[in-house]
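Open the model in your viewer and keep the selection panel at hand. The stops below go from one part of the fold out to the whole chain, and then to the ligand.

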Amino acid sequence: MNLDNDTTIRSGNLIEVIESQADYSLILGDALHILQTFPNDCIDCVITSPPYWKLREYDIDEEFSEDEIGIENDPKEYVNKLAQIFREIYRVLKPSGSVWLNIGDKYHNKNLMGMPWRVALAMQDDGWVLRNDIIWDQMKGTQSPKDRLRDVYEHIFHFVKSQKYFYDADKIRIKNEKLPIIDEFNTISATGVSGVKYRKQITESILLNDEEKQNALNSLENTLKRLRNGEIVDFRMTIRGAQRTFHSNNGKISGRAKELEEKGFFILSSDAKGFIPSDIWRVVPEDKWRKDTHYAVFPEELILNPIKATCPDNGIVLDPFVGTGSSVVAALRLQKKGIGIDLSEGYLKTAKKRIEEQIVAINGQFQLKF
Ligand SMILES: C[S@@+](CC[C@H](N)C(=O)[O-])C[C@H]1O[C@@H](n2cnc3c(N)ncnc32)[C@H](O)[C@@H]1O
């Protein structure tokens, strides 16, 4: 994407994207058939939202109407079809790769079908490793049912192929709002911890022996030093018998209970680089695109973090149900490459327009504007 070599963000075919001769590719066709043409181990990150079972009808071209996912009468057939597509994705994904699957549920004869988990369990049976089940809290439910609660969440599952996979946690840390007060004589953590109370509890403890007391004091001093050096912003210390513990007291079950049993104390600290987001994400769905071409557009805010954490520099993001192209737009915005597949030519045209409209040159580099 450098001005010296290129004139713009380049569209190309699959191989051109893999060989870095193009930045993105939008491919018309059935996800399964198109994926079968991909080489092994070529994709870094998949982020996708397949059609939900019996929920929506898309603007799909006549010639592809039989391939459409989500119109099956039997939920098992839907699960099988998706599992089959994810088997093909398993083949094309690099061993270090990740899959982020957003999927919603469905009531059938008043019965909540549990479709997201049916798909997730089928994928685990095929060898996928599930790392997170993220609850996407959409914060507004449109229906007002009279005999049950409103639905406001969907699932986003994070799957990997192997125990070791690419994950850059530092890229998605949330900045700490409160910072410590550090001066020559007095250091106070972001939530007001100075260490004075802990020091007193350690020295006066009747449940710690002398060696344990010394080790606890050394660790406390070391933690305060890390606070002064700007490595951490906050910490909490739990000393045998001095604090209430909320975890299991059984050392076999809880690592912290074990530490407390063996050493007489443990310290938890908050990294100055920020904290890791939780598995509940509050993001309002995008309405902007609904009125014109599409019903279920990914809000960009939802997909930036998965790409930041699990797609390395220059990596390729794939969305096999790309619709109006949100995943490819987000990938390009983050300077990655993107491949999208969809059965609808209309949606792919919208996707291309979205990409082209957002290209800007910043400091000699072509990018998608934020
Ligand atoms: C939930 S939408 C995805 C929306 C997308 N995340 C976005 O931001 O626009 C699902 C998409 O899957 C497409 N689709 C349905 N069956 C398909 C198949 N067999 N192969 C590829 N795409 C398919 C539909 O045309 C629709 O665009």
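Select strands β2 (residues 43-48) and β3 (residues 93-103). In this predicted model, the two strands run parallel and are joined by five bridges. To find one of these pairings, pick Thr 48, whose bridge partner in β3 is Leu 101.

Keep β2 selected and add strand β13, residues 316-319. This pairing is also parallel, with two bridges between β2 and β13. Here Cys 45 stands opposite Val 317 of β13.

Is β2 covered or open to the outside? It is mostly covered, with six of its six residues buried. Across the protein chain, 31% of the 370 residues count as buried.

Now show the whole protein chain as a cartoon. It holds 10 helices and 16 strands, and its C-alpha trace spans about 80 × 60 × 40 Å along the principal axes. Of the contacts with a separation of 6 or more, 68% are between residues 24 or more positions apart.

Next, colour by domain. Domain 1 takes in 14-172 and 276-368, while domain 2 covers 181-271. How far apart are the C-alpha centres of the two domains? They lie 43 Å apart.

Finish at the ligand by selecting the 23 residues around it. The nearest of them are Ala 31, Phe 298, Phe 321, Gly 323 and Ser 326. Colour the shell by residue type: 13 of its residues are nonpolar, six are polar and four are charged.

Notes: Residues numbered from 1 in each chain as written. Predicted model: local features only at pLDDT ≥ 70, side-chain atom pairs only at ≥ 80, totals over all residues. Near = placed C-beta within 6 Å. Nonpolar A, V, L, I, M, F, W, Y, C, P; charged D, E, K, R; others polar. Domains from an automatic or database assignment. Buried ≥ 20, exposed ≤ 12 C-beta atoms within 10 Å, placed from the backbone. Helix = DSSP H or I, 4+ residues; strand = E, 2+ residues; numbered from the N terminus. Pairing = 2+ DSSP bridges. Contact = placed C-beta atoms within 7 Å.
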